[in-house]
Amino acid sequence: MPVKNVLKMGHPILQQVAEPVTDFNTAILDSILLDMYDTMAALDGAGLAAPQIGIQQRIAIFCVEDNPRYPDIEAVPDTVLINPEITLLSDEFELDWEGCLSVPGLRGRVPRCKKIKYCGYDQHGNLIERIATGFHARVVLHEVDHLDGILYPQRMDDMSEFGFEQELFPEK
Ligand code: NI
């Protein structure tokens, strides 16, 4: 089964800095990505980083489709992002809710930079270079943090805004 077990907060692999990918266009990379996409889809995630399935390499995927049911949520392009580099382009941070497949059932309000530039490579070694704001920037920052061994609760300032989804949002 390509759907992998997702490691949960507390697992040491989630606390380590992942290694850069050195070879592109390989069967191994394709197979890691297939597992990552199957796992993200099965768990209905917006993104996934390789360390979450126990692979200590700098690979992240993310995708948020336009959904008329959630008009406030911006679409984020379906992206394979390898060996990413982030540049913060704003001094302003904004707070919004995040969740994580490695912190199941919980949500927290996390400050994130409003505008970033991110670079990296796709699985073929093509350069990706984008400016992102708002939710798109948030998704990228969350996933790239995973590659540096950081989970979103470590980015929070106010732990009173960290809790179980069913208690925070009982209407859903
Ligand atoms: Ni996450």
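Begin by selecting the hairpin of β6 and β7 in this predicted model: five residues lie between its two strands, and among them Gly125 adopts a positive phi near 90 degrees. Keep the loop between β6 and β7 on screen and add His124, which is located there. His124 is partly exposed, its relative accessible area being 43%. Now show Phe24 as well, because the C-alpha atoms of His124 and Phe24 are separated by 5.4 Å although the two residues stand 100 residues apart along the chain. Leaving aside residues up to four places away in sequence, His124 touches Phe24 and Asn25.

Asn25 is the next stop, in the segment before α1. Its phi is near 55 degrees, a positive value in a residue other than glycine, and at 53% relative accessibility Asn25 counts as exposed. As background for this stop, most residues other than glycine have a negative phi. A second case can be selected in the loop between α1 and β1, where Asp44 is placed; Asp44 is not a glycine, yet has a positive phi of about 60 degrees. With a relative accessibility of 70%, Asp44 counts as exposed, since the cut-off for that class is over 50%.

Return to the strands and display the sheet as a cartoon. Five strands make up an open sheet, ordered β1-β2-β3-β6-β7, with antiparallel pairing. The edges are taken by β1 (47-49) and β7 (127-133), each of which has a single partner strand, so that one side of each is left without a neighbour in the sheet. From one strand to the next the twist averages 35 degrees.

Two of the pairings repay a closer look. β6 and β7 run antiparallel and are joined by seven bridges; to locate one of them, pick Gly120, whose bridge partner in β7 is Ile128. On the other side, strand β3 (residues 76-88) and strand β6 (residues 115-121) pair in the antiparallel sense over five bridges, and here Thr87 has Lys117 in β6 as its bridge partner.

Next, add the helices. Helix α1 (residues 27-42) lies across β1, β2 (59-64) and β3, and it runs at about 40 degrees to β2. Helix α2 (residues 134-147) lies across β1, β2, β3, β6 and β7, at about 70 degrees to β3.

Stay with α2 and select the nickel ion. Which protein atoms are the donors of the nickel ion? They are SG of Cys100, NE2 of His142 and NE2 of His146, lying 2.1 to 2.3 Å from the ion. Along the sequence, these donor residues follow the spacing C-x41-H-x3-H. Cys100 and His142 link distant parts of the chain, 42 residues apart: Cys100 sits in the loop between β4 (93-98) and β5 (106-113), whereas His142 belongs to helix α2. Cys100 and His142 are both buried.

The last stop is the largest pocket, whose volume is about 1500 Å³. Its lining comprises 41 residues, and those nearest its centre are Asp44, Ala46, Ile73, Arg107 and Phe135, so selecting these five is a practical way to centre the view. Which element gives the most to the lining of the largest pocket? It is α2, with seven residues. At least two lining residues come from each of α1, β2, β4, β5 and α2.

Methods: Residues are numbered from 1 along each chain as its sequence is written. This is a predicted model: local features need pLDDT of at least 70, side-chain atom pairs count only at pLDDT 80 or more; totals for chains, interfaces and linings use all residues. Side-chain values use heavy atoms; hydrogens and water are left out. Two strands pair if DSSP finds at least two bridges between them. Helices (H or I, at least four residues) and strands (E, at least two) are DSSP runs, numbered from the N terminus. Axes are lines fitted to C-alpha atoms, for helices over the stretch in contact, and angles run from 0 to 180 degrees between N-to-C directions. Contact means heavy atoms within 4.5 Å. Donors are N, O and S atoms within 2.8 Å of the metal (3.2 Å for Na, K and Ca); water is not among the atoms, so sites may look incomplete. Buried means under 20% relative accessible area, exposed over 50%, partly exposed in between (1.4 Å probe, protein chains only). On a 1 Å grid over the protein atoms alone, a cavity is a set of points where a 1.4 Å probe fits but cannot get out, and a pocket is an open set with protein on both sides within 12 Å along at least five of seven lines; lining residues have an atom within 4 Å of a point. Grid points are joined across faces, edges and corners, and a volume is the space filled by probe spheres set on the points.
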